[in-house]
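Here is a short briefing to read alongside the structure. Take a look at the sequence and the model first, then use the notes below as a guide.

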Number of protein chains: 4
Amino acid sequence: VIELSDLKLVYSSDLADNVIKAGNFDLTNNFMLIGGPCAVETEKQILDIAKQVKKSGANILRGGAYKPRTSPYSFAGLGLEGLKYLQEAGEAVTLPTVTEVMDTRDIETVCQYCDIMQIGTRNAHNYSLLREAGRQDKPVILKRGMNSTIEEWLCSVEYLLKEGKKNVILCERGIRTTETYTRNTLDLSAVCVVKKMTKIPVIVDISHATGRKDIMEDLCLASVMAGCDGLMLEVHTNPNKALCDGKQSLRPNEYSNIVFKVKETRKFYCVLHKSAV
Amino acid sequence: VIELSDLKLVYSSDLADNVIKAGNFDLTNNFMLIGGPCAVETEKQILDIAKQVKKSGANILRGGAYKPRTSPYSFAGLGLEGLKYLQEAGEAVTLPTVTEVMDTRDIETVCQYCDIMQIGTRNAHNYSLLREAGRQDKPVILKRGMNSTIEEWLCSVEYLLKEGKKNVILCERGIRTTETYTRNTLDLSAVCVVKKMTKIPVIVDISHATGRKDIMEDLCLASVMAGCDGLMLEVHTNPNKALCDGKQSLRPNEYSNIVFKVKETRKFYCVLHKSAV
Amino acid sequence: VIELSDLKLVYSSDLADNVIKAGNFDLTNNFMLIGGPCAVETEKQILDIAKQVKKSGANILRGGAYKPRTSPYSFAGLGLEGLKYLQEAGEAVTLPTVTEVMDTRDIETVCQYCDIMQIGTRNAHNYSLLREAGRQDKPVILKRGMNSTIEEWLCSVEYLLKEGKKNVILCERGIRTTETYTRNTLDLSAVCVVKKMTKIPVIVDISHATGRKDIMEDLCLASVMAGCDGLMLEVHTNPNKALCDGKQSLRPNEYSNIVFKVKETRKFYCVLHKSAV
Amino acid sequence: VIELSDLKLVYSSDLADNVIKAGNFDLTNNFMLIGGPCAVETEKQILDIAKQVKKSGANILRGGAYKPRTSPYSFAGLGLEGLKYLQEAGEAVTLPTVTEVMDTRDIETVCQYCDIMQIGTRNAHNYSLLREAGRQDKPVILKRGMNSTIEEWLCSVEYLLKEGKKNVILCERGIRTTETYTRNTLDLSAVCVVKKMTKIPVIVDISHATGRKDIMEDLCLASVMAGCDGLMLEVHTNPNKALCDGKQSLRPNEYSNIVFKVKETRKFYCVLHKSAV
């Protein structure tokens, strides 16, 4: 049993004044709209998508270079080459970039090419990785493990904070349940609970939480009203040919429609709660 | 394995034109705001609460007379006496009433005193009860089993529809997961999925889904934006003395504040989606 | 939260001296070997199977007359007719019989025709049914709910005991998890824990726990060594034509082979633990 | 969705003739009895325990040097120092040793000091670690992720096999469910299923699966009859002072009693199935 009183850092009020930046972009005072493909596939692919998500209103570009795949025979990402393409695309459209890191040995390289590190659901309790990521300057998006309790998730954040890190963002991405009509079960209560317990921003990865395009818009709007600080969505210019997660990837126009409604809803949320947009 | 093609009734487009009424109150064209105590405790208690929830904007009064309790030593409801008090309170404030029925032998009595039957999570797969409830005139609110998949939930509805029933409402109330910071895990994706699959109204029981008052408002607003057709919340004038579920019961003023924001959010939802309020 | 100290009856040492009988057959001092089809289909079918399971070494005959089926279009049992065929078959081969009861209104009839009532997984928290079953003379086999914790299961037993009942048998039948290679996840730890906590006999329904014939023998033997008091297995003379659960039904010769090894293992268990067979 | 036909290596019949060795000890033709503390704490502690488990009949010594702990403030192991103490203790009692590795950067060191690498439940889907471990000579014990399906577990093994590795052992250690009376839910069906699907040996970690000493013996014997190839148990000479998992650690005499009954049961298993001990 964990003594919650031990988790001093995650509950610290100091985090309230914390401003998280990715390059010049202020992640704390902007509602984060992260879009991009599951994986960087080619130089052209990521550049094309980058242009589209920028036009659609995204303010952060995502793209995987190191992909954790259940089967060893699935496409596992382009590695360093993918990082370079992602960096170029981000610079071309002036969007900060985020990519997953899976191995302590890759952290330095990832930080060199990318603005935000992501620690994925399968590595949410990879404590070596958390410790090493906690020692870097770049912000970290920490996804919830697919079977993590909120308590365990907060313990994983504490690993990051313990290394002196402050620029951390949490990402709910659905938990695994016995339900089969959705890829995972989006747990919006967790977003609300974590927002009550800590001052760390919490975003939602709707694509992995649902795995179904037909309900993504509704759940994006629901997440905004639950009080989340940003949304991550997978976007691809050619979902049918995507090397990974094509079925759940939005086309740019679909993404654009969602972003429009998300922005309207965020405005309404701020008015209703009398807070700054 | 269930052949989904067998579930003809639940997917029928006929249900779209269906108007569900509780007495004179039209449940289809009004956003349902169900409030009231977990259990009817005394004549005075339910009348007091009825007045308060009416004033707060509720349009349906809830109150349990037959309570399914995990322990045989917990308060199990007043039975027939409770039904009578609930009916009186409903009439006094002109609100239709809803109460749970657990036994085929009680269905007739419940229908005599109450406007809407509720089939609870523990009886979501009690097929004898479903069959018998399906033969009655009064509307049924069918809660999702705490461990039911969406598919199994729809199969349970089909049991009701197969008896010729049309006035059915579904109620998401959280599923059981390994998370311990919330009583259950609210599954808003299920609301969205069910709304895509069938024309049956879907409401959300936020009290049982969360078990925590501090996140109820946020999740009510999230549920509205997810597209639900109503919200059920437990309200008590003296939560500390409640015989059941006191900890998760809202005080009338707390309920009132939530109802206000829910109505604002519902208006915004309808404007955004260009639909009638 | 349930006060476990409230569950006085289930932890009572009085149950230790309790002898449970089905007709003349002593269920306490014999390792229970329950075999038979999922559902009684015809007079001939149940008689044929009864002869076979008797020959194979079963000491109790099972057969469903009221079947809880997820889809309302699946075969739901022959009802009263099924009870009569089951009774005839049991008498023909001199085996006590067990059948599921799902509705308070059927309890009297079931007790008239059958030696042991079974309360199934879907009704494990149907408290009306538990209360009514608790008032009858015939023994009850209470299955664990597919999502019940051990604590909730013991609370359900307490409902039976509270009515004055003593002849109760518990049945572990697997719990639902995210694993898909087995129908449910057999929880043998629960058998061990319950045996430590109470003096009530615990049997295991291997057919529903696994849903796979290829691993049934191994898990039967494992269950014996875990200390269970009996095993329930579905047997059918023509699994391919079974109206229900054919895929997981053993052929009589397969059942016979398992019973032989179960008996050998039970003998070994008793020798190792220096207890009476 | 994983194409199971892709997992060629894990289903290969070549693995049947595979002899796995840890030093001179043949893990394939001996029932593995792994005992030792959760964590190596001091030079004396591991040596004392090593002597005791050897005397009790263990044939492999376990001890953690790198400990994955949910809270960053829990004891995380002695690291390299722990590896050295473990090696010394193993040599002193001539037992091969097993220890967990968590970081790709530690693999070489672990292989230098230890006979068998263990990949723990939190890293069961750490694909970088699997790939790197797959390139080493030393055998690997791969635990099942606490939320892994059997399919995902086999995919993780395939990662190891794909690197050319053949000396792999699987370890069931319970999955997380909603049950709270046991630490995890031991899934013996998974042992049986995996044994049917692949020729890879499967052992069971009873300590983590149950977390309760009172049921460990029964579940060890059940696991033997389910057909497992070995058992892992935590043993400590002073459980109350253990820095990790004390509550579930067996005292040497308790371990000794279990090993005796395990050996008797294994003999019975082999006689019943007419196989070599």
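A:Asn126 is a good place to begin in this predicted model: the residue sits in the loop that runs from strand S6 (116-119) to helix H4 (127-134) of chain A. With a relative accessibility of 4%, A:Asn126 counts as buried. Setting aside residues up to four places away in sequence, A:Asn126 touches A:Met102 along with D:Met102, D:Asn123 and D:Asn126.

**A strand residue in chain D**

- D:Ile116 belongs to strand S6 of chain D, which covers residues 116-119.
- The relative accessibility of D:Ile116 is 1%, and the residue therefore counts as buried, the cut-off being under 20%.
- Although D:Ala22 is 94 residues away from D:Ile116 along the chain, the two C-alpha atoms are separated by 6.6 Å.
- D:Ala22 is also in contact with D:Ile116, as are D:Leu27, D:Ile60, D:Pro139 and D:Ile141.
- The list of contacts of D:Ile116, which leaves aside neighbours within four places in sequence, also includes D:Thr97, D:Val98 and D:Thr99.

**Disulfides**

- How many disulfides does the structure hold over all chains? There are four.
- In chain A, the bond runs between A:Cys38 and A:Cys244, with an S to S distance of 2.4 Å.
- A:Cys38 is in the loop between strand S3 (32-36) and helix H1 (43-56) of chain A, while A:Cys244 is in the loop between strand S10 (230-234) and helix H9 (252-272) of chain A, so the bond ties together parts that are 206 residues apart in sequence.
- A:Cys38 and A:Cys244 are buried.
- In chain C, the sulfur atoms of C:Cys38 and C:Cys244 are 2.4 Å apart and form a disulfide.
- C:Cys38 lies in the loop between S3 (32-36) and H1 (43-56) of chain C and C:Cys244 in the loop between S10 (230-234) and H9 (252-272) of chain C, so this pair ties together parts 206 residues apart in sequence.
- C:Cys38 and C:Cys244 are both buried.
- In chain D, D:Cys38 is joined to D:Cys244 by a disulfide, S to S 2.4 Å.
- That pair links distant parts of chain D, 206 residues apart: D:Cys38 is in the loop between strand S3 (32-36) and helix H1 (43-56), and D:Cys244 is in the loop between strand S10 (230-234) and helix H9 (252-272).
- D:Cys38 has a relative accessible area of 2% and is buried, and D:Cys244 is buried with 6%.

**Cysteines without a partner**

- B:Cys270 takes part in no disulfide, and the nearest cysteine sulfur, in B:Cys228, is 11 Å away.
- B:Cys270 is buried, its relative accessible area being 2%.
- Why does C:Cys171 not bond to C:Cys228? The sulfur of C:Cys228 is the closest cysteine sulfur to that of C:Cys171, but at 9.6 Å it is too far for a bond, because a disulfide needs sulfur atoms within 2.5 Å.
- C:Cys171 is buried, with a relative accessible area of 0%.

**A covered helix in chain B**

- Helix H8 of chain B spans residues 216-226 and is mostly covered, with ten of its eleven residues buried.
- The buried residues of H8(B) include B:Met216, B:Asp218, B:Leu219, B:Cys220 and B:Leu221.
- Further along H8(B), B:Ala222, B:Ser223, B:Val224, B:Met225 and B:Ala226 are buried as well.
- An α-helix has 3.6 residues a turn, so residues three or four places apart point the same way.
- Just after H8(B) comes B:Gly227, with a positive phi of about 105°.

**Chain A as a whole**

- Chain A has nine helices and ten strands.
- What radius of gyration does chain A have? The value is 17 Å, which agrees with the figure near 19 Å for a compact globule of 277 residues.
- Along the principal axes, the C-alpha atoms of chain A fill a box of roughly 50 × 45 × 40 Å.
- Of the 277 residues of chain A, 68% count as buried.
- Among the contacts in chain A between residues at least 6 apart in sequence, 68% join residues at least 24 apart.
- About 9500 Å² of chain A is exposed, and carbon and sulfur atoms supply 46% of that area.
- Chain A carries 36 positive and 34 negative charges, and their mean positions are 4 Å apart.

Methods: Residues are numbered from 1 along each chain as its sequence is written. Chains are lettered from A and ligands numbered from 1 in the order in which they are written. This is a predicted model: local features need pLDDT of at least 70, side-chain atom pairs count only at pLDDT 80 or more; totals for chains, interfaces and linings use all residues. Side-chain values use heavy atoms; hydrogens and water are left out. Helices (H or I, at least four residues) and strands (E, at least two) are DSSP runs, numbered from the N terminus. The radius of gyration is taken over C-alpha atoms; the globule rule is 2.2 Å times the number of residues to the power 0.38. Buried means under 20% relative accessible area, exposed over 50%, partly exposed in between (1.4 Å probe, protein chains only). Contact means heavy atoms within 4.5 Å. Accessible areas come from the Shrake-Rupley method with a 1.4 Å probe; for residues, only the protein chains shown count as cover. Lys and Arg count as positive and Asp and Glu as negative; His and the chain ends are not counted. The place of a charge is taken as NZ of Lys, CZ of Arg, CG of Asp or CD of Glu.
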